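Work through the exercises below with the coordinates open beside you, and try each task before reading its solution.

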Amino acid sequence: MAALYLMEQGAVVRKVDQRVVVELEGRTVQDIPLIKIDQVVIFGRVTVTAAATAMFLEHGIEVVYLTAYGKFLGRLQPPAPKNCLLRVAQYRASLDGAASAWLARCFVRGKIKNMLYVLQRSRREGAAIDEIFIQEIKKALKALEGAANVDAIRGVEGVASAVYFKAFGEMIKKDFSFAGRVKRPPTDPVNSLLSLGYTLLAKDMTSAVNTVGLDPYMGFLHRQRYGRTSLALDLMEEFRPVVVDTLVLACINKGILKPEDFHREFGGAVYLQEEARKKFLVQYETKKNSEIRHPVFNYQASYRRCMDLQARLLAKHLTGEIDEYPPLVWR
Amino acid sequence: MVVAYDVQDDKRRNKVHKILKNYGQWMQFSVFECQKLSKEQFLRLRYQLEKHIKPAEDSVRYYILCEGCAGKVIRIGGEELRREDVFLV
């Protein structure tokens, strides 16, 4: 199953039979069977007709709305699964400090281990990453086990990420530089790619969480905030380094994206040009569909499937079917 | 899977063509390729086609290719195979 990305401003999405037809200025530019897609992602000003909307909802296809620049706006979602018992278990754990801390530690452990994996792999491939960074992150990993509550865990996560992004610049080979993580808005190309990548990952994680029947808004590591998909952000932590960061590095180091593919907005924000963004989306989808061996189940699964599996493992843990939540860790 | 059909009546042929478009890609006259149909989708397609064709006059053939064979298709000219892991507009 694939995602349909709509970026052409002014495009119209129609239902014809059991197909999705995209028109641009009266011309048909895309005509695909509905059964081929499981998600529609809209950037900016794209019209979806009422018939098409109804068809998406009927077939459980979600529609994600982003601004023309790729900032998340909202989603049109088929009815939530009816598993209210699971959601009660989730809320109970979310309101319980000890249970939250235990889970938050799992997510952060996964993230830090994966950051370490990305750094060490790059070093083997010749990046000049100082041993100090590796040691600092290992220290954070130890400190994590002693962190008593969610606030302390957030602190450890912050420290580890800061060190990681300090080392991140060393992994970039070509004509790009990276001084540190900058967001809202990103002010250099690398940060702009990271931000777009995380937005895409967040939308996929949210749909994984929805599919399993969990409430994406009630998290453990991330504080509850109106309209923030905290749980999706929690589960996303372990995927960030291996899915988005390595993807961004590959796009830059392999020369798939070049400095002239970016443009600077008034006010300093940096975004990808239209054509280059399409390239990045294709790379992201390819990555998502690429297969790895899942460490717990020990079979080949795409990253997309792994997101579902992790959400399912979390659900099983919350309802008491399994004792542990094993984060997805690369070796 | 490759679906080939031979339908006498124009009206019925159009109908078959329209149904198949919902499941796969039109490659050439009377030939469709349907990538990765699930069992359920295949049954539904068969059911829909069987409603319209007259077995006495028409025929529909399904050639189901295994994953290894699907990669061995040789093409010269004609319709490009649509990539199906992501759709961009």
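The exercises treat a predicted model, beginning with confidence and going on to whole chains and then single residues.

**Exercise 1. State which confidence values accompany the complex and chain B.**

Solution. Begin with the complex, to which the predictor assigns an ipTM of 0.82 and a pTM of 0.73. Then turn to chain B, where the mean pLDDT is 87 and 100% of the residues reach 70 or more. As a general caution, predicted coordinates should not be read in detail where pLDDT is low.

**Exercise 2. Determine how the radius of gyration of chain A compares with the value from the globule rule, and describe the fold around it.**

Solution. First take the secondary structure, which in chain A amounts to 10 helices and 12 strands. The radius of gyration of chain A is 20 Å, close to the 20 Å that the globule rule gives for 331 residues, so chain A is as compact as a globular protein of that length. Next, the C-alpha trace of chain A extends over about 60 × 50 × 40 Å along its principal axes. Of the 331 residues in this chain, 57% count as buried. Finally, among contacts in chain A with a separation of 6 or more, 61% are accounted for by residues 24 or more positions apart.

**Exercise 3. Describe the surface and the charged side chains of chain A.**

Solution. The area that chain A exposes is about 14,600 Å², and carbon and sulfur atoms supply 53% of it. As for charge, chain A carries 47 positive and 36 negative side chains, and the centres of these two sets lie 2 Å apart.

**Exercise 4. Work out in which pattern the helices and strands of chain B follow one another, and characterise the chain as a whole.**

Solution. Counting elements gives three helices and five strands in chain B, and reading along the sequence gives the pattern β-α-β-β-α-β-α-β. The C-alpha trace of chain B spans about 35 × 30 × 30 Å along its principal axes, while 35% of its 89 residues count as buried. Residues 24 or more positions apart account for 67% of the contacts in chain B with a separation of 6 or more. The accessible surface of chain B is about 6,200 Å², with 52% of it belonging to carbon and sulfur atoms. Chain B has 17 positive and 13 negative side chains, whose centres lie 4 Å apart.

**Exercise 5. Decide whether S122(A) is buried or exposed, and do the same for K254(A).**

Solution. Locate S122(A) first: this residue belongs to helix α3 (residues 97-124) of chain A. Its relative accessible area is 12%, and because buried means under 20%, S122(A) is buried. Leaving aside neighbours within four places in sequence, S122(A) is in contact with A127(A), I129(A) and M171(A). K254(A), in turn, sits in the loop between α8 (240-253) and β9 (262-264) of chain A. The relative accessible area of K254(A) is 64%, and because exposed means over 50%, K254(A) is exposed. From K254(A) to L34(A) the separation is 220 residues in sequence and 34 Å in space, C-alpha to C-alpha.

**Exercise 6. Find which residues V2(B) touches beyond four places in sequence.**

Solution. V2(B) is part of strand β1 (residues 2-6) of chain B. Once residues up to four places away in sequence are set aside, V2(B) touches V31(B), F32(B), E33(B), R61(B), Y62(B), Y63(B) and L65(B). A distance completes the solution: V2(B) and A70(B), although 68 residues apart in sequence, are 9.6 Å apart in space, C-alpha to C-alpha.

Definitions and conventions
Residues are numbered from 1 along each chain as its sequence is written. Chains are lettered from A and ligands numbered from 1 in the order in which they are written. This is a predicted model: local features need pLDDT of at least 70, side-chain atom pairs count only at pLDDT 80 or more; totals for chains, interfaces and linings use all residues. Side-chain values use heavy atoms; hydrogens and water are left out. Helices (H or I, at least four residues) and strands (E, at least two) are DSSP runs, numbered from the N terminus. The radius of gyration is taken over C-alpha atoms; the globule rule is 2.2 Å times the number of residues to the power 0.38. Buried means under 20% relative accessible area, exposed over 50%, partly exposed in between (1.4 Å probe, protein chains only). Contact means heavy atoms within 4.5 Å. Accessible areas come from the Shrake-Rupley method with a 1.4 Å probe; for residues, only the protein chains shown count as cover. Lys and Arg count as positive and Asp and Glu as negative; His and the chain ends are not counted. The place of a charge is taken as NZ of Lys, CZ of Arg, CG of Asp or CD of Glu. pLDDT is the predictor's confidence in each residue, from 0 to 100.
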